[in-house]
Number of protein chains: 2
Amino acid sequence: MKKHIYIYSPSGAVRDKAAFKRGIARLQALGHEVEVDPDALTSHQRFAGDDATRLAAIHRAVDSGADVALISRGGYGLTRILPGIHYKKVAKAVENGMAFVGISDFTAFQNAVLAKTGAITWAGPALCEGFGASPEPDEIMEACFDDLLQGQGEGSGWRQTLDRRKNAMDNEATGASLSRATSTFSIQDAVLWGGNLTVLTSLLGTPYFPEIKGGILFLEDVAEHPYRIERMLTQLLHSGVLARQKAVLLGQFTDYKLLSHDRGFKLQTVIDWLQQHIQTPILTNLPFGHVPTKVLLPVGAKSDLGVEGRDVMLVWGHV
Amino acid sequence: MKKHIYIYSPSGAVRDKAAFKRGIARLQALGHEVEVDPDALTSHQRFAGDDATRLAAIHRAVDSGADVALISRGGYGLTRILPGIHYKKVAKAVENGMAFVGISDFTAFQNAVLAKTGAITWAGPALCEGFGASPEPDEIMEACFDDLLQGQGEGSGWRQTLDRRKNAMDNEATGASLSRATSTFSIQDAVLWGGNLTVLTSLLGTPYFPEIKGGILFLEDVAEHPYRIERMLTQLLHSGVLARQKAVLLGQFTDYKLLSHDRGFKLQTVIDWLQQHIQTPILTNLPFGHVPTKVLLPVGAKSDLGVEGRDVMLVWGHV
């Protein structure tokens with residue numbers, strides 16, 4: 001089914017023009033009408049245009065009447081323009097059926113929209129890294145995107161990492177807490193929210209951080225050392241955010257380097273430490289993050305979660 | 001005058017044993033009695049001992065009756081143990097004359113103590129990078145430390161960077177706002193607080209972030225790209241923290257690399273952008289940060305600030 005997809009750049013300047021072109025060609029090859037924002041390739045310092053330019057691009061996307069507004073790429077630039085976004089217009093566009101899709105820096109937009117209006121947006125690919133991937137976009141990502149376009153795709157299932165259970169064997173202290181995340185339980189009607197850990201944490205204490213109680217919080221990050229991931233998770237812990245959730249879903253944390261100074265400190269250490277400090281189950285291996293294979297997730301949608309040992313099923317109603 | 005200095009490790013494991021020894025020898029050569037915590041050189045993963053070990057070390061420092069409790073080094077490790085600190089005992093030790101001195105990760109301790117009790121601690125050197133510096137510790141740092149020990153040293157003066165004014169010439173939009181920071185004005189009786197930007201920001205939204213109104217906020221950081229510095233400053237901006245201060249003092253921001261993607265975006269760009277968004281004057285070049293030459297600053301002390309063009313004078317009463 002042919003859809004109207006609007007491409008715009010609210011964050012970093014597009015440097016990889018080849019990926020940009022490949023992405024557009026791919027969406028067209030899939031049969032869609034692709035509309036490119038006039039400033040999609042604009043560059044100002046590290047940004048895709050100055051603040052006013054990027055705000056205007058966002059609002060053109062809002063006004064475009066497209067089925068999907070897809071960011072060209074993430075990077076950095078949304079947090080500084082959050083006060084200038086017309087949230088009611090965004091919510092109205094969502095109400096009229098527009099799906100805002102993006103990742104990474106786009107987390108700031110998505111959670112600000114959720115905080116200000118409750119409107120649902122989609123964590124998913126960006127044009128360049130997603131549809132512009134060489135030689136081929138990821139099949140699962142494309143299938144999930146197509147599900148969204150067709151109004152299908154009402155859930156996602158995956159298996160948690162084994163590493164977690166192996167560690168539990170090694171560490172008595174964490175055994176009890178780990179069993180929480182691998183026992184059989186289910187959660188109903190919980191708001192799914194989250195995104196990039198660094199970007200989400202950078203909204204804490206501001207009016208753009210959603211006050212979600214009894215939710216399902218998903219998190220991913222890229223190029224952040226586990227000690228930094230831990231410091232951010234600790235901020236969410238000490239602020240009470242984690243305890244207010246019914247589950248925490250950890251996606252993919254990639255592209256960091258452990259150091260000799262770490263002496264065994266690693267991401268799993270962080271997860272074990274955190275799980276010892278909260279009752280909320282922490283589930284791992286959500287297929288979302290700065291990786292090719294990722295699902296699309298409705299930020300702000302009521303969702304159900306089912307866990308049976310390592311197997312997890314996340315289901316949202318018709319959004 | 002001989003003082004009793006207690007060395008302990010609340011954060012990262014000490015790897016540079018030579019610097020540790022040099023630091024102790026230096027303090028002894030200055031005539032002081034140096035007491036070393038039994039776990040000062042303990043190592044667990046990247047930490048100077050597990051959480052219980054580091055908490056016990058902090059409380060031994062508190063109970064030591066020393067004139068100064070000086071951290072061996074920063075690193076990472078304090079945020080995760082903040083709930084376990086006996087803040088009233090820390091405040092009591094401060095009341096009895098103990099000066100807690102440290103930097104970097106120690107920002108978490110200092111601001112948590114301020115938030116919980118209002119007690120004053122000192123942003124200054126750590127043992128290894130400060131007194132253990134090779135071939136010689138910095139003279140100004142040592143003189144400021146000695147002033148603290150002697151109960152003198154009630155202020156600090158410096159000149160703001162020229163770069164700021166040059167940029168103002170280049171940029172009409174920022175000219176007006178920049179003049180705020182280089183005009184002649186003074187501020188009385190404002191609480192001085194702050195420290196490492198990353199660590200301080202990681203406390204936002206938690207019970208360990210001080211609620212200071214009408215204060216003077218000082219900030220420094222190391223190995224953070226200007227876009228990350230901006231994202232953190234933006235969080236302080238959007239949370240209303242900056243607008244509640246009478247002045248923001250930027251110290252030294254060091255050890256980052258600009259990228260070709262930045263295309264002219266740099267730290268000065270960040271300062272200019274921020275100053276356009278707040279009335280609070282942003283002053284630069286405070287001699288504090290991850291640099292050898294740094295002053296000691298009383299976190300939580302009522303202070304006066306005088307600005308005459310580029311010249312700044314910060315004065316605190318007898319602490």
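# Exercises on a Predicted Two-Chain Model

In this predicted model, the side chains of Arg46(A) and Asp262(B) form a salt bridge, with 2.3 Å from N to O. The exercises below begin with the interface to which this pair belongs.

## Exercise 1: The interface

Determine how many residues of chain A are in contact with chain B, and how much area is buried between the two chains.

**Solution.**
1. The contact involves 40 residues of chain A and 40 residues of chain B.
2. The size of an interface is often expressed as the accessible area lost when the parts come together.
3. Between chain A and chain B, about 3,500 Å² is buried, and carbon and sulfur atoms give 51% of this area.
4. Six salt bridges are counted between chain A and chain B.

## Exercise 2: H10 and H11 of chain B

Decide whether H10(B) and H11(B) are roughly parallel or roughly perpendicular to each other.

**Solution.**
1. Two packed helices are described by the angle between their axes and by the distance between those axes.
2. H10(B) covers residues 226–238 and H11(B) covers residues 267–277; their axes are 9 Å apart, at an angle of about 15 degrees.
3. Angles under 35 degrees count as roughly parallel, and H10(B) and H11(B) are therefore roughly parallel to each other.
4. The crossing of H10(B) past H11(B) is right-handed.
5. On the side of H10(B), the contact is made by Pro226(B), Ile229(B), Glu230(B), Leu233(B), Thr234(B) and Leu237(B); on the side of H11(B), by Leu267(B), Val270(B), Trp273(B), Leu274(B) and His277(B).
6. By class, these residues comprise eight nonpolar, two polar and one charged.

## Exercise 3: H3 and H4 of chain A

Establish how H3(A) and H4(A) are oriented to each other, and which residues meet.

**Solution.**
1. H3(A), residues 87–95, packs on H4(A), residues 106–117, at an angle of about 95 degrees, with the axes 10 Å apart.
2. Angles from 65 to 115 degrees count as roughly perpendicular, so this description applies to H3(A) and H4(A).
3. Tyr87(A), Lys88(A), Val90(A) and Ala91(A) of H3(A) meet Phe109(A), Ala112(A), Val113(A), Lys116(A) and Thr117(A) of H4(A).
4. The contact contains six nonpolar residues, one polar residue and two charged residues.

## Exercise 4: Backbone features

Locate the cis peptide bond that joins Ser134(A) and Pro135(A), and state where Gln45(B) is found.

**Solution.**
1. The Ser134(A)–Pro135(A) bond has omega of about 0 degrees, and Pro135(A) lies in the loop between H5 (127–131) and H6 (139–149) of chain A.
2. In chain B, the peptide bond from Ser134(B) to Pro135(B) is also cis.
3. Gln45(B), a residue other than glycine, has a positive phi near 50 degrees; Gln45(B) is in the loop between strand E2 (33–36) and helix H2 (51–63) of chain B.

Key: Residues are numbered from 1 along each chain as its sequence is written. Chains are lettered from A and ligands numbered from 1 in the order in which they are written. This is a predicted model: local features need pLDDT of at least 70, side-chain atom pairs count only at pLDDT 80 or more; totals for chains, interfaces and linings use all residues. Side-chain values use heavy atoms; hydrogens and water are left out. Axes are lines fitted to C-alpha atoms, for helices over the stretch in contact, and angles run from 0 to 180 degrees between N-to-C directions. Helices (H or I, at least four residues) and strands (E, at least two) are DSSP runs, numbered from the N terminus. Angles under 35 degrees count as roughly parallel, over 145 as roughly antiparallel, 65 to 115 as roughly perpendicular and the rest as oblique. A crossing is left-handed if the near helix is turned anticlockwise from the far one by less than a right angle, and right-handed if clockwise. Contact means heavy atoms within 4.5 Å. Ala, Val, Leu, Ile, Met, Phe, Trp, Tyr, Cys and Pro count as nonpolar, Asp, Glu, Lys and Arg as charged, and the others, Gly among them, as polar. Buried area is the accessible area (1.4 Å probe) that two parts lose on being put together, summed over both. A salt bridge is a side-chain nitrogen of Lys or Arg within 4 Å of a carboxyl oxygen of Asp or Glu.
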